[in-house]
Amino acid sequence: MKNPYAEMRKVPLNYEGIQSSAYSVQYQESLDEWKEAGVVGNNYMLLPNIKVKEAADEVALLSNIPFEHDKTFFDGKRYVYSLRSTNIIGNVKPGDDMALGIQFWNSYDGSRSFGFSMMLYRLICTNGMLSKQYFNTFRFKHEPNSNGWEESLNQVVNTINSTSQNGLDSMIGKLKKLDNLKITSKELGRIRHKHLSDIPSGLWGNIIDRFLDPSKEYHSETSGWGLLNAATDILWHKDKPTIASYNQNASIVDGLCKAIS
């Protein structure tokens, strides 16, 4: 992974002396080398990833439940910082406990604003589960050094505290229903073509292979819950994740939850 906390700068673009309204965002890859991350407008709020990490750590410190760092992602453009709690907030079945996670993101190319969202972790295997349907996102209107920062931070902390107290009953209820969904070949076809049709065929093949692998004890269940964990195990624990891995994780979680609606 590239260094997510390398020095960065916004450089004005020009051609043969003609000044452009666009700027090149660059990060320092080595002592004498800078790499371009993207091109943005003059008004784009360029926020160093280290400031996002500091904000995330502060939110974790101020929350009612403890969080610890789980994963950091940076591809030279997009940055994702994930933290998880070990506090049980519910279970899908006895011994299969769930915990709350939080995720902060940023970008140097303008593709994603500085923001925050929540997620779930399956504690037995630390699989992270993302969702665009069940978790609201929060986009920060201010940066850490601005006057409105304290209010933004408090909003995020309040969101975490209220969500953890509610126990995320709606989503965990869906996961329990998935555990009761028996996966036959006919059901597998319905899920694939009706609810997960946007998942690449190569990834889908890997998920089915993992789902059917008898050596993976907590995957080889013939239920929708087992299928979901086969997918999140692959996507969350990839040696070289991509931003697509995060998006596909959310698509599969939401698609399978929709399949039992």
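Hi everyone. Let me start with an enclosed space: Lys71, Leu130, Leu235, Trp236, Lys238, Pro241, Ser245, Tyr246 and Asn249 line the largest cavity. Helix 6 and helix 7 are the elements that each give two or more residues to that lining. Helix 7 supplies the largest share, with 3 residues. The space inside the largest cavity comes to about 60 Å³, and the count of cavities of 30 Å³ or more is 1. Please keep in mind as we go that this is a predicted model.

For those of you who like probes, here is the general idea. Rolling a probe the size of a water molecule over the atoms shows where empty space is left.

Now to the open space. The largest pocket has a volume of about 220 Å³. Which residues line the largest pocket? They are Met1, Lys2, Lys71, Thr72, Phe73, Phe74, Asp75, Lys238, Asp239, Lys240, Pro241 and Tyr246. Strand 4 gives the largest share of this lining, 4 residues. If some of those names sound familiar, they should: Lys71, Lys238, Pro241 and Tyr246 appear in the lining of the pocket and in the lining of the cavity.

Let me come back to helix 7, since it will turn up again. Helix 7 has 17 residues and spans 25 Å from its first C-alpha to its last, close to the 24 Å expected at 1.5 Å a residue. How many of its 17 residues are buried? The number is 13, so helix 7 is mostly covered.

Next, a helix that packs with helix 7. Helix 5 takes in residues 201-212, 12 in number, and reaches 16 Å between its end C-alpha atoms, close to the expected 16 Å. Its buried residues are Leu203, Trp204, Ile207, Ile208 and Phe211. They sit on the same side of helix 5, because they cover an arc of only 135 degrees around the axis. Asp209 and Leu212 are exposed on the face turned away from that buried side. As for what covers the buried residues of helix 5, the list includes helix 4 (185-195), helix 6 (224-236) and helix 7 (243-259).

Helix 4 can be read in a similar way. Glu187, Leu188, Ile191, Arg192 and His195 are its buried residues. Looking down the axis of helix 4, you find them within an arc of 130 degrees, so they line one face of the helix. On the other side, Ser185, Lys186, His193 and Lys194 are exposed. The buried residues of helix 4 pack against helix 5, helix 6 and helix 7.

I'd like to finish with two single residues, both in loops. Serine 63 lies between helix 1 (49-62) and strand 4 (68-74). Is serine 63 buried or exposed? Its relative accessibility is 9%, which is under the 20% cut-off, so serine 63 counts as buried. A polar atom of its side chain lies 2.7 Å from the backbone oxygen of valine 59. Beyond its neighbours within four places in sequence, serine 63 is in contact with Val157, Ile160 and Asn161.

The other residue is glycine 95, in the loop between strand 5 (78-93) and strand 6 (96-107). Glycine 95 has 58% relative accessibility and therefore counts as exposed. Its C-alpha atom is separated by 9.4 Å from that of leucine 123, which is 28 residues apart from it along the chain.

That's my tour, and thanks for listening!

Note on methods:
Residues are numbered from 1 along each chain as its sequence is written. This is a predicted model: local features need pLDDT of at least 70, side-chain atom pairs count only at pLDDT 80 or more; totals for chains, interfaces and linings use all residues. Side-chain values use heavy atoms; hydrogens and water are left out. Buried means under 20% relative accessible area, exposed over 50%, partly exposed in between (1.4 Å probe, protein chains only). A polar contact is a pair of N or O atoms within 3.5 Å; within protein, one must be able to donate a hydrogen and the other to accept it, and residues adjacent in sequence count only if both atoms are side-chain atoms. Contact means heavy atoms within 4.5 Å. The expected span of a helix is 1.5 Å times one less than its number of residues. The arc is that of the directions from the helix axis to the C-beta atoms. On a 1 Å grid over the protein atoms alone, a cavity is a set of points where a 1.4 Å probe fits but cannot get out, and a pocket is an open set with protein on both sides within 12 Å along at least five of seven lines; lining residues have an atom within 4 Å of a point. Grid points are joined across faces, edges and corners, and a volume is the space filled by probe spheres set on the points.
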